[in-house]
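Open the model in your viewer and keep the selection box at hand. This tour goes stop by stop, saying what to select and what is there.

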Amino acid sequence: MKYLIANWKMNSVDLDSWENNFINYVNSSKSFPKPHELKIVLCSNLYDFYVLSEKIKNSKNDIFKNITLYAQDVSQHEEGAFTGQVSSKFLKSVGLKGSIIGHSELRENGDDDEIVFEKGAKLKEEGISNIFCIGESLKILESNKKKSFLLNQLTAFCKKNVFPDLLAYEPIWAIGTGKEADPENIASAVSMIIEFLEKKKINCPVLYGGSVSSRNILEIMSVSGIDGCLVGNSSLDGEQFANIASKIKS
Ligand code: PEP
C-alpha cells in the first residue's frame with residue numbers, strides 16, 4: 001500500500017471544481033491506482049470538512065469515494081478555555097480519521113517536541129491516527145546536524161504508548177519553495193528513520209513532503225524506503241493532485 005496526503009493548509013479551494021477536476025483526471029487515466037493500492041488522505045480546513053465529507057459519501061466515483069479526511073492540527077488539551085483550538089474528541093465525533101501533527105509551520109509557531117507528543121497522545125486516546133511530521137531547517141542541514149536533529153524529534157515523540165501512524169519527512173527548506181530535496185538527501189534521512197523505527201519495533205510507512213509535483217513524483221517515489229508523499233501546493237488543484245496520484249505504483 002502507498003500513501004498520498006493532500007495538505008490544503010489555509011488556502012481557499014473551490015470544492016466543486018476540485019472534485020470535478022480530480023474525477024475527470026481519474027476517468028481519463030488508463031491505470032489509476034485502486035483504493036487498495038493507494039490510500040489518499042485529504043487534510044482540508046475544518047470549515048470545508050462537512051461539505052467534503054458529504055461529497056465523498058454521495059460520490060459515484062470509486063476513487064473519490066475512498067478519499068479519507070484528516071485534520072491539519074489538533075489541540076493537546078482535552079476541553080476548556082482554549083480559544084480557537086479543536087480537540088481530538090471533536091475530530092473523532094465529526095468523523096475525521098486523524099490529523100497531521102508536528103508540521104513545521106506549527107512548530108515555527110510554538111509547537112515544541114513536548115506539545116507534538118501530547119497531541120499524538122490525545123489522538124491515540126481517541127483511537128484516531130496521526131501523520132507525524134519531522135524535518136530539519138537549512139541551517140541544521142548546512143551545519144551537518146541533520147541526523148542528530150531528526151533523531152531527537154523521533155525520540156521525543158516515540159515514548160510511552162505513542163508512535164507515528166504515518167511519518168512524513170519534510171525538510172523545512174523544501175516546503176513551499178518549489179525546490180524539492182535531492183534523492184540522496186531524502187534517502188539518507190529515510191534510511192536513518194527506518195533504522196530508528198526498526199529498533200523500536202514500530203511498523204510505520206515513511207513519506208516525503210516538500211515541493212512534490214507531477215514533475216518530480218516518480219523520482220521521489222523511486223527512493224528506497226519511501227511509501228508515499230505529503231503534498232501542499234500541488235494538491236490545491238484536483239487535476240494536478242490526481243496526476244500525481246496516477247503516477248504512484250504500489
Ligand atoms: C506541506 O505542506 O507539508 C508541503 C510539503 O507543502 P509543499 O508541497 O507546498 O511544499
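**Stop 1: the aromatic rings.** This is a predicted model. It holds 8 aromatic pairs. Select Trp18 and Phe22 to see one of these pairs. Their ring centres are 5.1 Å apart and their planes meet at 10 degrees, so the pair counts as stacked. Planes under 30 degrees apart earn that label. Now show helix α1, residues 15–28. Trp18 and Phe22 sit 4 residues apart in this helix, which means that about one helical turn separates them.

**Stop 2: the ligand.** Select the ligand and the residues around it. How many residues surround the ligand? There are 14, and the closest are Lys9, His103, Glu170, Gly176 and Ser211. By class, this shell has 4 nonpolar, 8 polar and 2 charged residues.

Now look at single contacts, one residue at a time.

- Lys9: an N or O atom of its side chain is 2.8 Å from an oxygen atom of the ligand.
- Glu170: a polar atom of its side chain lies 2.7 Å from a ligand oxygen.
- Gly176: here a polar backbone atom is 2.6 Å from an oxygen atom of the ligand.

How much of the ligand does the protein bury? Taken alone, the ligand exposes 290 Å², and the protein buries 99% of that.

**Stop 3: the largest cavity.** Keep Glu170 selected, as Glu170 also lines the largest cavity. Add Gly102, Ser104, Arg107, Cys133, Ile134, Gly135 and Ile172, and the lining is complete. Which elements give two or more residues to this lining? They are α5 and β5, the latter spanning 129–134. The lining has 3 nonpolar, 3 polar and 2 charged residues. The volume of this cavity is about 30 Å³. The count of cavities of 30 Å³ or more comes to 1.

**Stop 4: the largest pocket.** Move on to the largest pocket, with a volume of about 660 Å³. Select Asn45, Leu46, Gln72, Asp73 and Leu106: of the 23 lining residues, these are the closest to the pocket centre. Then colour α2 (46–58) and α5 (104–107), the elements that give two or more residues to the lining. What is the lining made of, by class? It divides into 8 nonpolar, 10 polar and 5 charged residues.

**Stop 5: the second largest pocket.** Leave α2 coloured and add β3 (68–70). Both give two or more residues to the lining of the second largest pocket. Its volume is about 180 Å³. Which element supplies the largest share of the lining? It is α2, with 6 residues.

To see the whole lining, select Phe49, Tyr50, Ser53, Glu54, Ile56, Lys57, Ile67, Thr68, Leu69, Gly95 and Lys97. By class, the lining has 5 nonpolar, 3 polar and 3 charged residues.

**Before you close the viewer.** Go back over two elements. Helix α2 gives two or more residues to the lining of the largest pocket, and α2 does so for the second largest pocket too. Helix α5 appears in the lining of the largest pocket and in that of the largest cavity. Finish on Glu170, which is among the residues closest to the ligand and also lines the largest cavity.

Notes. Residues numbered from 1 in each chain as written. Predicted model: local features only at pLDDT ≥ 70, side-chain atom pairs only at ≥ 80, totals over all residues. Heavy atoms only, no water. 1 Å grid on protein atoms, 1.4 Å probe; cavity = no way out; pocket = protein on both sides within 12 Å on 5 of 7 lines; lining within 4 Å. Points joined across faces, edges and corners; volume = space filled by probe spheres on them. Nonpolar A, V, L, I, M, F, W, Y, C, P; charged D, E, K, R; others polar. Near = heavy atom within 4 Å. Polar contact = N/O pair within 3.5 Å; in protein donor to acceptor, adjacent residues only side chain to side chain. Areas by Shrake-Rupley, 256 points an atom, 1.4 Å probe, with all protein chains shown as cover. Phe/Tyr/Trp six-rings, centres within 6.5 Å; stacked < 30°, edge-to-face > 60°.
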